[in-house]
Amino acid sequence: MRRRTKSSGGVHFPPISPIRSPNSRNRTSSFSTATVGVPRLAPSVSNYHFRYRRLYDGGQDNNKLNKATKIEVPKLKCISLWSVLRFIFVLLITNGIFTTVDHMLSQTGIAFTSGDGSKQIVSPEDLSSETIGLVKSKSETFAVVINTFRRPDQLKEALLHYAQSCGVSSDISQIFVIWADQEYEPPKIEELIPEYRDKRQEQKAGKGNLRSSSSGSNSGDEAAGDADAEAEGASSSAASTYDSKFPTIEFIRPPKDSLNSRFLPIDNLQTNAIFMVDDDIRVDCPSLERGFEAWRYHPNSMAGFYPRLVLIQSSTKGIIRQESKINRVYHNWPMVFANHKFNMIMTKASFFHSKYLEMYHDDEKNPKEVLALVDEQKNCEDIAMAFVVAQSTKQSVEIDMQSSRYCRDCLIYTNGNIKDSGLFSGISSGGDHVDKRSNCLDRITEIYAKRSWDYPLLDFDLGDHSWVHHFFWWQYGPSNFFEWYIKFI
């Protein structure tokens, strides 16, 4: 057996047998007697080398040689397209089964805690004031308030949807358009909806003619008043067939271009219920009717289709200390679902009481510094309104949540079917939108603190404070599917 020798310069093997050329039998090659120098190797490589030489020189079995020198390489399994399609198909079938079962077992109504501490869900048909102290709003209709700015196509689609497709059959009695454009006049309603005739304008025209014809004396004023009443009755009776099809539509021009103008008090408002919506959002009629029904049982609060969550994040990696800076971070639907709670309802599609329009511009209820912040940022007006509602209802909410009654003033999430083209455009699609809103949260909180007001936002469980209560918790979803994937909304 050939032996190896070691030296300080490396590992040396004894001279190997000379390799003779066919033409020169007695002459050896120039390197035949040279010492082959092998540099120092890493332990693993060196051990492998010596193991190989030992097996080779010792004349070991070829199977052992192959086993010793073979390098194991993991085999990569190629996933076929058929396997992927099969997985997706099974996933869809499974989800369809769970969705069907959930649809059969889910309940619509109000969740409240009974006397024995158990939670119950009572449908609107079974609700009674004697059992849970329920007080339902007397408003039987609601007004739609649409905010728009230089998007005529979006406005036309919105009016056609809410005035014609839904209309009075969905309990809509009035539609107000907040025309924020200060340079251009609002279009005529007939240009947007050819079938529409403004009945209220006809009434005003009739009243004006009667006044002008009998405005000579005081006695004539009384007669004019009687004539006005008769004219109003005649006009309303003549337009009764028209009223069954369209609600009244009116444009409102605010004094300046400001996001605060969307919450200006409305003079001609005839109902306490307001549905505030952006011009790029279409809530289908059944969802709109369910949302109004949910609000009627929570008239002092907000019922809407876009829940949001504000979380307190500390600069000390989650450990909140008095000396650390606490930031309030704005989160959209994915975090609402992950935490299964929310503490705000966005006004981009929500119901609330008309009294909050006046409270929003009352310095005693909403500091003027907040309005200035909205004008400065050109954002966050919906957050400011959420703070106004939360500040007004916080005390009653804390009492109701500790008692066995249902929480009448708690926020309510009304899941529905919504087409929202603003997910891909508008101010909410900017890359810094979430940062701006988080900054607004901190600054509004600081403004409230200067007046010794507590932080008003309270957390609500997504399951308990939804109008539709699903049987499976993972069936709670957004009103628009793309909220799962769009980050800045």
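This is a short walk through a few places in the structure, from its nonpolar core to its salt bridges. Keep in mind as you look around that the model is predicted.

Let us begin inside. The largest nonpolar core has 95 residues, and within that core Y162 and F275 touch the most other members. Helix α14, which spans residues 381-402, supplies the largest share of this core, with nine residues. As a general background, nonpolar side chains tend to be buried together in soluble globular proteins. To get a feeling for the surroundings of F275, try selecting its contacts beyond four places in sequence: they are F142, A143, V144, V145, Y162, V283, L288, F305, A349, S350 and F351. Y162, the other residue named above for its many core contacts, is thus on the contact list of F275 too.

A good next stop is Q174, which you will find in strand β8, residues 172-179. Is Q174 buried or exposed? Its relative accessible area is 4%, which is under the 20% cut-off, so Q174 counts as buried. The side chain of Q174 has a polar partner, reaching the backbone oxygen of N268 at 2.9 Å. N268 also appears among the residues that Q174 touches outside its own stretch of sequence, together with F142, A143, V144, P247, T248, L269, Q270 and T271. Some of these names may sound familiar, since F142, A143 and V144 are also in contact with F275.

Now move along the chain to T414, in the loop between β18 (412-413) and β19 (418-420). T414 belongs to a loop, yet T414 is buried, with a relative accessible area of 2%. Which residues does T414 touch, not counting those up to four places away in sequence? They are G291, A294, A303, G304, F305, W467 and S479. F305 is a link back to the core residue F275, which is in contact with F305 as well. There is also a meeting of distant stretches here: the C-alpha atoms of T414 and R290 are separated by 7.4 Å, although these residues are 124 places apart along the chain.

The last part of the tour is about charged side chains. The model has 15 salt bridges, and a few of them are worth a visit. In one of them, D181 and R150 meet with N to O at 2.8 Å. This pair links distant parts of the chain, with D181 in the loop between β8 and α6 (189-192), R150 in the loop between β7 (142-148) and α5 (152-166), and their positions 31 residues apart in sequence. D181 is buried at 3% relative accessible area, while R150 is partly exposed at 43%.

R150 has another partner, E183, with the closest N and O atoms 3.2 Å apart. E183 lies in the loop between β8 and α6, 33 residues from R150 along the chain. With a relative accessible area of 62%, E183 is exposed.

Right beside R150 in the numbering comes R151, whose salt bridge is with D279, the closest N and O atoms being 2.5 Å apart. R151 sits in the loop between β7 and α5 and D279 in the loop between β10 (273-278) and β11 (281-283), so this pair ties together parts that are 128 residues apart in sequence. R151 is partly exposed at 28%, whereas D279 is buried at 0% relative accessibility. Through shared partners, salt bridges join R150, D181 and E183 into one network.

Methods
Residues numbered from 1 in each chain as written. Predicted model: local features only at pLDDT ≥ 70, side-chain atom pairs only at ≥ 80, totals over all residues. Heavy atoms only, no water. Helix = DSSP H or I, 4+ residues; strand = E, 2+ residues; numbered from the N terminus. Buried < 20%, exposed > 50% of the residue type's maximum accessible area, 1.4 Å probe, protein only. Contact = heavy atoms within 4.5 Å. Polar contact = N/O pair within 3.5 Å; in protein donor to acceptor, adjacent residues only side chain to side chain. Salt bridge = Lys/Arg side-chain N within 4 Å of Asp/Glu carboxyl O. Core = buried A, V, L, I, M, F, W, Y, C linked by side-chain atoms within 4.5 Å.
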